Amino acid sequence: MSITQSVHYVGVNDRQIDLFEGLYAVKKGMAYNSYVILDEKVAVLDTVDRAFKTQWLDNVKKVLGERKPDYLIVQHMEPDHSANIVAFLEAYPNVKIVSSPKSFLMMQNYFGRDFLEHQMPVSDGDVLALGTHELTFFSAPMVHWPEVIVSYEKTEKLLFSADAFGKFGALDTQDDWACEARRYYFGIVGKYGVQVQNLLKKLANLEINAICPLHGPVLNENLEYYLNLYNVWSSYGVETDGVMIAYTSVYGNTKKAVELLERELKAQGCENVVLTDLARSDRSEAVEDAFRYGKIVFATTTYNGEIFPFMRDFMHDLTERNFQNRTVAFIENGSWAPMATKVMRGMLEKCKNLNYAQTTVKILSAVSEENRAQIQALAKELCQICKN
Ligand code: FEO
């Protein structure tokens with residue numbers, strides 16, 4: 001597949017994978033992207049997962065023909081992109097490895113050698129001329145690891161963005177970009193919003209015709225849309241006005257309360273209401289929704305003097321990703337010593353800029369008439385915030 005006349009796609013689709021990074025369910029597989037730039041000099045950008053060594057080397061060979069590559073550019077050392085460095089050097093022993101100094105330290109750890117005779121370390125702003133094409137490198141620490149660089153090709157105005165702007169899913173699947181890119185972003189890079197913002201600032205003055213990430217499709221139209229989403233996500237802004245209700249329920253009483261709240265919210269004109277049973281939902285889908293909407297209701301039971309495990313894990317997922325800038329409300333259920341609201345509030349203590357709803361719903365075992373009134377009041381309060 002050609003991206004332009006001189007730039008070719010040599011990546012692979014992984015249809016065997018069940019959990020990306022051992023954690024994220026990827027029912028539609030995963031793509032590990034790799035690119036070749038043909039000019040007076042030849043550069044290959046990144047390798048792929050170890051399981052695809054032969055297929056990837058064949059893809060590279062098909063594009064190169066009898067030519068030999070001059071450079072292997074390693075933008076990111078996570079093994080889904082770096083696993084075949086040794087195999088590449090065996091196939092092309094004269095190649096130079098262009099990467100950040102930190103990457104060479106990581107190569108020593110992964111491969112037991114740092115490829116000293118092949119090293120071409122680059123720093124922020126360094127340029128590599130290939131002929132007509134010229135790559136400028138930008139460090140992108142913690143997007144997603146500390147050694148990451150991204151590469152901008154100035155003649156064709158291509159941004160090779162490493163993990164940034166990637167998504168879950170093999171390239172031969174059709175799905176909504178934002179949905180799986182958001183789940184990928186908040187799962188993998190969500191903690192590092194400040195660092196993503198720093199990268200966006202570095203890129204702000206570049207003219208970009210296409211973004212070539214290490215996962216997901218090459219983005220070559222409507223780039224403002226993707227850049228804007230990345231700006232919203234990395235600044236922890238609100239992407240969609242609406243309410244997420246995240247809940248756990250042991251015997252159905254908390255569930256009854258959240259379903260009542262959902263109906264009330266809709267009755268009062270709140271269009272986007274997402275109800276998520278944390279015990280029966282994909283964990284990363286729940287996380288992306290928490291960061292997507294502006295308001296969130298946490299509803300759970302007291303459990304072992306704490307809160308229900310699925311809620312505790314969910315809230316931990318949020319706080320470790322710097323959850324902030326949201327309106328928050330609580331529904332608690334407890335039969336003899338209710339603790340849930342206190343525990344949940346404590347878990348959010350260090351989050352920045354949370355606006356707590358005044359109404360809290362306190363269920364003592366089953367939903368009472370008083371609870372119904374509290375739920376109505378909470379719906380009204382949340383809708384009022386929608387309208388303001
Ligand atoms: Fe796609 Fe951070 O590796």
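Reader: Which residue in β18 stands opposite M244?
Author: This is a predicted model. Strand β16 covers residues 240-247 and pairs with β18 in the parallel sense, over six bridges. M244 has its place opposite a β18 residue, and that residue is I296.

Reader: Is β18 mostly covered or mostly open, and how many of its residues are buried?
Author: Strand β18 runs over residues 293-303. Buried here takes a relative accessible area under 20%. The strand is mostly covered: of its eleven residues, the number buried is nine.

Reader: Which residue in β20 stands opposite K295?
Author: β18 also pairs with strand β20, residues 326-333. That pairing is parallel and has seven bridges. Opposite K295 stands T327.

Reader: Which residue in the hairpin of β18 and β19 takes a positive phi?
Author: Strand β19, residues 306-307, runs antiparallel to β18 and is joined to it by two bridges. In this pair, T302 stands opposite I307. Two residues lie between the strands of the hairpin, and a positive phi near 55° belongs to N304.

Reader: Which residues have the most contacts inside the largest nonpolar core?
Author: As a rule, nonpolar side chains in soluble globular proteins tend to be buried together. The largest nonpolar core in this model holds 91 residues. Helix α5, residues 177-189, gives the largest share of this core, eight residues. The residues with the most contacts inside the core are F20, F298, F314 and F323.

Reader: Which residues does F314 touch?
Author: F314 is among the residues with the most contacts inside the largest core. Leave out residues up to four places away in sequence. F314 then touches M244, A246, L278, A286, V287, A290, I296 and F298.

Reader: How many residues are in the other core?
Author: Another core lies apart from the largest one. Its members include I245, L260, V273 and L378. The number of residues in this other core is 23.

Reader: At what angle do the axes of α5 and α7 cross?
Author: Two packed helices are described by the angle and the distance between their axes. Helix α7 covers residues 223-234, and its axis comes within 12 Å of the axis of α5. W177, A178, A181, R182, Y185 and F186 of α5 meet Y225, Y226, L229, Y230, W233 and S234 of α7. The crossing is right-handed, at roughly 35°.

Reader: In what order do the six strands of the open sheet lie?
Author: The pairing in this sheet is mixed. The edge strands are β1 (7-9) and β10 (119-121), and each of them pairs on one side only. On average, neighbouring strands are turned by 20° against each other, direction ignored. The order is β1-β6-β7-β8-β9-β10.

Reader: Which residue in β7 is the bridge partner of V36?
Author: β6 (residues 35-38) and β7 run antiparallel, with four bridges between them. They form a hairpin with three residues between the strands. In β7, V36 has as its bridge partner V44.

Reader: Which β7 residues are buried on its two sides?
Author: Strand β7 spans residues 42-45, and both of its faces are covered. One side carries V42 and V44. On the other side, the buried residues are A43 and L45.

Reader: What handedness does the β-α-β unit of β7, α1 and β8 have?
Author: β7 is joined to β8 (residues 71-73) by three bridges, and the two strands run parallel. A43 has Y71 as its bridge partner in β8. Helix α1, residues 53-64, completes the unit with β7 and β8, and the unit is right-handed.

Reader: Is D46 buried or exposed?
Author: D46 lies in the loop between β7 and α1. Its phi is near 70°, a positive value in a residue other than glycine. With 0% relative accessibility, D46 counts as buried.

Reader: Is N222 buried or exposed?
Author: N222 lies in the loop between β15 (210-212) and α7. Phi of N222 is near 55°, again a positive value in a residue other than glycine. The cut-off for an exposed residue is over 50%. At 54% relative accessibility, N222 is therefore exposed.

Notes
Residues are numbered from 1 along each chain as its sequence is written. This is a predicted model: local features need pLDDT of at least 70, side-chain atom pairs count only at pLDDT 80 or more; totals for chains, interfaces and linings use all residues. Side-chain values use heavy atoms; hydrogens and water are left out. Buried means under 20% relative accessible area, exposed over 50%, partly exposed in between (1.4 Å probe, protein chains only). Two strands pair if DSSP finds at least two bridges between them. A crossover is right-handed if, with the strands pointing away from the viewer, the path from the first strand over the helix to the second runs clockwise. A nonpolar core is a set of buried Ala, Val, Leu, Ile, Met, Phe, Trp, Tyr and Cys residues joined through side-chain atoms within 4.5 Å. Contact means heavy atoms within 4.5 Å. Axes are lines fitted to C-alpha atoms, for helices over the stretch in contact, and angles run from 0 to 180 degrees between N-to-C directions. A crossing is left-handed if the near helix is turned anticlockwise from the far one by less than a right angle, and right-handed if clockwise.
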